[in-house]
Structures are given as structure tokens and as C-alpha cells.
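Colleague: I am new to reading protein models, and I would like to go through this one slowly with you.

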Amino acid sequence: MPYRSSPRPGRRVRLARGASPWLLPTVTAAGVSLVKARRSGRWAAAAVPVTALAAGMLWFFRDPEREIGEGRIICPADGVVQSIMPWPDGRTRVAIFMSPLNVHVNRAPVAGTVASVEHIPGGYVPAFDKESENNERVVWRFDSELGDLEMIQIAGAVARRIVPYVPQGCKVEQGDRVGLIRFGSRVDVYLPEGIEPAVEVGQHTTAGVTRLDRD
């Protein structure tokens, strides 16, 4: 059945699905500390860092609407292109590093059907480290007009949970939200053989907007 994550136009910002286990405790603690701060100096002192933490969580789990870009393949993640590497099977891997300051909701790079969603357990070394190849990850395969396209969400040192939004068999439009990685992490996209990357190492990318393929 078709899956639609949200309307495309507009500037409205919402909170990411899957954020509640982190948001609810911090926002609740901030609310309690602010109420009690009216009667106690100790609570007033505690309210400052707790409220700052809650505000930081709200900022981290923001999920802004996007005007979806054009291209056969668009970037699934906000971040910086960490590496572009030819693969033995003719594909090209584009690795995008996501810092804690980036939006961490990932989007479908192509329109098509979710052929598979596979969770693979692993470690939690920093996502920019070479050894992150063995980290916990979720491997997505999309059946699209370009053929099979693979995308991998990789957990980092702090990102201990990847939250897929879309199950196998669903149809998605290009730019639809497909999942969340909590805190710092990485997303790899494997461009099909014959498709040249339109980005370069060090370039900042925007999920759903930046074009990955070159004409």
C-alpha cells in the first residue's frame, strides 16, 4: 500500500516520530523543575540545566518540512559527504556523516517500493571512524525505475537506536520520511553502476533536497 509521510510544501516544523523515549522524560523534568523553582532556590538552580537539556532535545528531534529537490537520486540525510568510493560491483558508495546538530530524519532517495528493511546488530564506534562499517545498521533496498538501490543507516557512538518508519512492501515517493537515527550517525547510499555522483567530499547535504546523481 502507498505510504505518505507528510505534505511536501510548507515551512512547518514538527517533531520526529520515535523521539518520545528521549523527549518525554526531559520535558517532564523541565516542567516540574520550573514549577518548583518558584518556591525553592535549589530548584531554580536545577531548572536552568534541565530546561536547557529539554530545549536541546526539542531542537535535535526537529523534523522540518522540505521542498523536495529534483534528480533521479536525492540525498537521504542532512550532513557532510564523508567519502565517495567506487565499489567492486560497479556501484559508487556515497557516505554522509550526520553530526548531533543535523536533522536526523532520513528520507527516501528514490520513488519506488521498499523491497527489504534489514536490521543488522553491531558495535557503536564513532560514525566517522573506519571501523563503523561493523556498527549496528539498517539496510534498505528500494525497487525503483533505476533498479535496486541500497541505502544503509549506520548507528554511531551515541546513536544507539535506528527507528524505521516504513515496512517492507510499502510504496514511497522520493523524499518521503523513512526513518530516524538518534544522535550522531551515518547514512550510505550506493549509486547504481553508470551513475556519477553530483556531490563531492566535504559538501554539506540536505535530506530530500540535495541531488546525488549527475546527468
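What follows is a short conversation about the strands, the sheets and the burial of the chain.

Modeller: This is a predicted model, in which local features need pLDDT of at least 70, side-chain atom pairs count only at pLDDT 80 or more, and totals for chains, interfaces and linings use all residues. Residues are numbered from 1 along each chain as its sequence is written, and side-chain values use heavy atoms, with hydrogens and water left out.

Colleague: How many strands are there in the protein chain?

Modeller: Helices (H or I, at least four residues) and strands (E, at least two) are DSSP runs, numbered from the N terminus. Beside two helices, the protein chain has strands numbering 13.

Colleague: Which strands stand at the edges of the open sheet of eight strands?

Modeller: Two strands pair if DSSP finds at least two bridges between them. The order in this open sheet, with antiparallel pairing, is β10-β6-β7-β8-β12-β4-β3-β13. Because each has a single partner strand, one side is left without a neighbour in the sheet for the edge strands, β10 (171-172) and β13 (204-205).

Colleague: Which residue stands opposite R137 in β8?

Modeller: Strand β7 (residues 137-144) pairs with strand β8 (residues 147-155) in the antiparallel sense, over eight bridges. In β8, the residue opposite R137 is I154.

Colleague: What percentage of the residues of the protein chain count as buried?

Modeller: Buried means under 20% relative accessible area, exposed over 50%, and partly exposed in between, with a 1.4 Å probe and protein chains only. Of the 215 residues in the protein chain, the buried part is 48%.
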